[in-house]
Amino acid sequence: MSEALSAKLSLSDDELFLGHKACAGCGGSLAVRLALKVLGERTFVVLPAGCMSAVGFLYPQLAFGCNAIISTFAGTASMLSGIAAAARALKLRDYHVVGFAGDGGTADIGLQALSGAIDRHENFIYICYDNEAYMNTGVQKSGLTPLGARTTTSPAGRVAAGARSRKKDLFEIVAAHGIDYAATATVAHTYDYIRKVEKARATVGTSFLHVLAPCPTGWGIETDQTLEVARGAVDCGLWIQAEYEGGHYRINKSTRRFKPIAEHLTSQKRFAHLGKADLVAIEKERDGRWKRIQRLCGAAGG
Amino acid sequence: MPSSSLASTMQSHFISGNEAVAWGARLARPHVIAAYPITPQTVVIERLAEWVAEGQLGSEFLHVESEHSALSACMGASALGARSFTASSSQGLLYMAECLHYASGGRFPIVMMNANRALALPWNIYGDQQDSLTLLSSGWIQIYIEDAQEALDMTIQAFAIAEHADVLTPVMLNLDGFVLTHTYEPVQIPAQEAVDAFLPPFRAVSKMDLEAPTNMGFTAGPAHYTEFKVQQHRAMLETTRVAAEVDAEFARRFGRSYGGAVTGYRCEDAEVVLVTLGSVAGTVRDAVDVLRDRGVAVGMLKLRFMRPFPAHEIEQALVATRAVGVLEKDISFGHAGAVFSEVASTLAGAANRPVLLNFVAGLGGRDISRADVEQMFVDLIAATTQPRERVRFVNVQETNNV
């Protein structure tokens, strides 16, 4: 990372998301703050009910320096669509429209509206900060909670230990719409994330970024381990850094040999209960995902 | 008769209630139309889509994926100070229910047409008023329309009311499904220039502005929430005055007036009055005439607004009556019709409280005939001397015969 970019990305006086009350080490707030540094103050922001709206919008302490509004939980993409349409109708110039929604708000309750908006090629950026559970309500399982993870609704019981279903392939779901631009990222790979936000900013039509955003509170990690754990997810192949552009899939970081998943997972309290068989199942699931995306890259010529 | 020179350019067309709403929306020139199809609302959005496709209407038309998204998109547009319109019905209205409260709390002056239709289960596509009356507390101004001309005119008026700085509250225009939405009538369509002069572009008091960024749709805790709700309530109360001003200005420009939140028919000396709303008012008027010809002093009070509730006007109109019936197409199970409850509570403090009966009729599109209404008057008169069951289902078969 260049010194100039590094300076730009560090905390400064002209933050557009500042003074919020997110937990220490919050990955989601980092995803929002960094993206807004790229997009700038002429940006309309939509956030559904969820962590980032809960920590940023408590009247009269409002934390966004640009235009921002909370949507209904299911309504991120539909409210974005209305804003994009109104901006066209009102002939506004030089602006961006962006949504920040969590994993539940995106892959579960908000998926219908997101699908419709992508289908219409609505001109906005949708950023899903994925902390892999409903954190704002107290760590309940979402459609993006990974296999085996313990949440308050997928507890580590004697009969069923942690989440019994695999994480939805949100990136592939979105790409299958023929979206104008989609990418995965993490809050730890800052330069890569910034590059992808810049690419989304330059895209005409709908862009979707799926950003891994660890949550110390929900994952059971130290508050200074957010970036470390996000990096670990990529290094052991549990998070795939990829892009979809012009109908082509591309893997950004092909790892020939993954780091072992055991240490990465069991350092997080949400996985502490996992046994050997569980780890094997998670590895198998990971390998299947890689095969599928590699096939997509091959088939689509990416 | 039209009183202004602008109004003389009006053309008469033979169109349905749905098309009249579409024309009203077209003439209001919304920036954004977002809608999802549902019977019997579809013709409204089909016409608007056709006009957009033909370049006759410059709105952004969003083919959204649900009614929830339709209203959510309208709120997004409204947050930027754009004018927006949608239409729905029945199951769709309930599906967007979360957004109804959201839009009124956010003070987004959206106009929506609702084709009044029965609610499942059992499935039924025909007209009754259970859908909108279930949502009386959603914070929307609720207007009930009787004919196609009123539908067109009130669609235009609705924007003027909703966008007024003292109101900033969304409006739901209710048309009885099929009976009104699909009935064709001659309708005067005002000239665009005349509507433009009556309804200038919306100037939002508060909006998301690139030059003056703001945060909207926020959270307010126990220390502030109540004050927002009090403001919302007061704005709704202000609507009564604003709607009267808007109607008077509309009358001045177009020569048609709808007479406030309630309109009486032969009520002045009536001893027995039937209160109702929507398209059945025409049938009730006929029944009143028949009974008046027989020398019976009956009348009708039509409620045009259910929110804000015209309590004062109702009290004034009914204070000297001996019996009041409420005819409505809905039932709050285990109690009474929603309109009856409100009318009864309004009259609770009256010095000589009239006898009150509730006639629940027309559910799921069952016809309400003039004979049915005449019988209601007969029952009301009888009730002044001997007690009657307060809530009665009209024209109903015994359930073991169904």
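**Chain A fold and its contact with chain B**

Of the contacts in chain A with a separation of 6 or more, 68% are between residues 24 or more positions apart. The model is a predicted one, with an ipTM of 0.95 and a pTM of 0.96. Chain A contains 12 helices and 10 strands. Its C-alpha atoms occupy a box of roughly 60 × 45 × 40 Å along the principal axes. The radius of gyration of chain A is 18 Å, which agrees with the value near 19 Å for a compact globule of 302 residues. Buried residues account for 53% of the 302 residues in chain A.

Confidence was also examined for chain B. The mean pLDDT of chain B is 95, and 97% of its residues reach 70 or more. Residues 1-6 of chain B are an exception to high values, with pLDDT under 50 throughout; the model gives this stretch 15 contacts beyond four places in sequence. Where pLDDT is low, predicted coordinates should not be read in detail.

An open sheet of nine strands runs in the order S10(A)-S9(A)-S7(A)-S8(A)-S6(A)-S5(A)-S1(A)-S4(A)-S9(B), and its pairing is mixed. The edge strands are S10 of chain A, residues 248-251, and S9 of chain B, each of which pairs on one side only. Strands of a sheet pair through backbone hydrogen bonds, in either the parallel or the antiparallel sense. Within chain A, strand S7 (residues 181-186) and strand S9 (residues 242-245) are antiparallel and share three bridges. In this part of the sheet, A:Ala182 is opposite A:Tyr244 of S9(A). At the other end of the strand order, S4(A) pairs with strand S9 of chain B (residues 215-216) in the parallel sense, over two bridges. The bridge partner of A:Ile69 in S9(B) is B:Met216.

Contact between the two chains involves 38 residues of chain A and 35 residues of chain B. On the chain A side, the elements that give two or more residues are strand S2 (57-58), strand S4 (67-71), helix H4 (76-89) and helix H6 (111-119). H4(A) supplies the largest share, 11 residues. By residue class, the side of chain A that touches chain B divides into 23 nonpolar, 11 polar and four charged residues.

Helix H4(A) was then considered on its own. Its 14 residues should span 20 Å at 1.5 Å a residue, and the C-alpha atoms at its ends are 20 Å apart, which agrees. Of these 14 residues, 13 are buried, so H4(A) is largely enclosed by the rest of the structure. Just after H4(A), A:Lys91 adopts a positive phi of about 55°. In the loop between H4 and strand S5 (96-102) of chain A lies A:Asp94, a residue other than glycine whose phi is also positive, near 60°. A:Asp94 counts as exposed because it has 7 C-beta neighbours inside 10 Å.

Strand S5 of chain A includes A:Gly99. This glycine has 29 C-beta neighbours inside 10 Å and therefore counts as buried. Apart from neighbours within four places in sequence, A:Gly99 is in contact with A:Val46, A:Thr76, A:Ala77, A:Leu80, A:Phe124, A:Tyr126 and A:Ile127. The C-alpha atom of A:Gly99 is separated by 11 Å from that of A:Thr206, which is 107 residues away along the chain.

A positive phi is also found at A:His121, near 55°, again in a residue other than glycine. A:His121 is located in the loop between H6 and strand S6 (125-130) of chain A. Because it has 13 C-beta neighbours inside 10 Å, A:His121 counts as partly exposed.

Chain B contains cis peptide bonds that precede proline. One runs from B:Leu121 to B:Pro122, with omega near -5°, and B:Pro122 is in the loop between strand S5 (111-116) and helix H6 (130-133) of chain B. Another joins B:Arg307 and B:Pro308, with omega about -5°. B:Pro308 lies in the loop between strand S13 (305-307) and helix H11 (311-318) of chain B.

How values were computed
Residues numbered from 1 in each chain as written. Chains lettered and ligands numbered in written order. Predicted model: local features only at pLDDT ≥ 70, side-chain atom pairs only at ≥ 80, totals over all residues. Contact = placed C-beta atoms within 7 Å. Helix = DSSP H or I, 4+ residues; strand = E, 2+ residues; numbered from the N terminus. Nonpolar A, V, L, I, M, F, W, Y, C, P; charged D, E, K, R; others polar. Pairing = 2+ DSSP bridges. Rg over C-alpha atoms; globule rule 2.2 N^0.38 Å. Buried ≥ 20, exposed ≤ 12 C-beta atoms within 10 Å, placed from the backbone. pLDDT = per-residue confidence, 0-100. Expected span 1.5 Å × (residues − 1).
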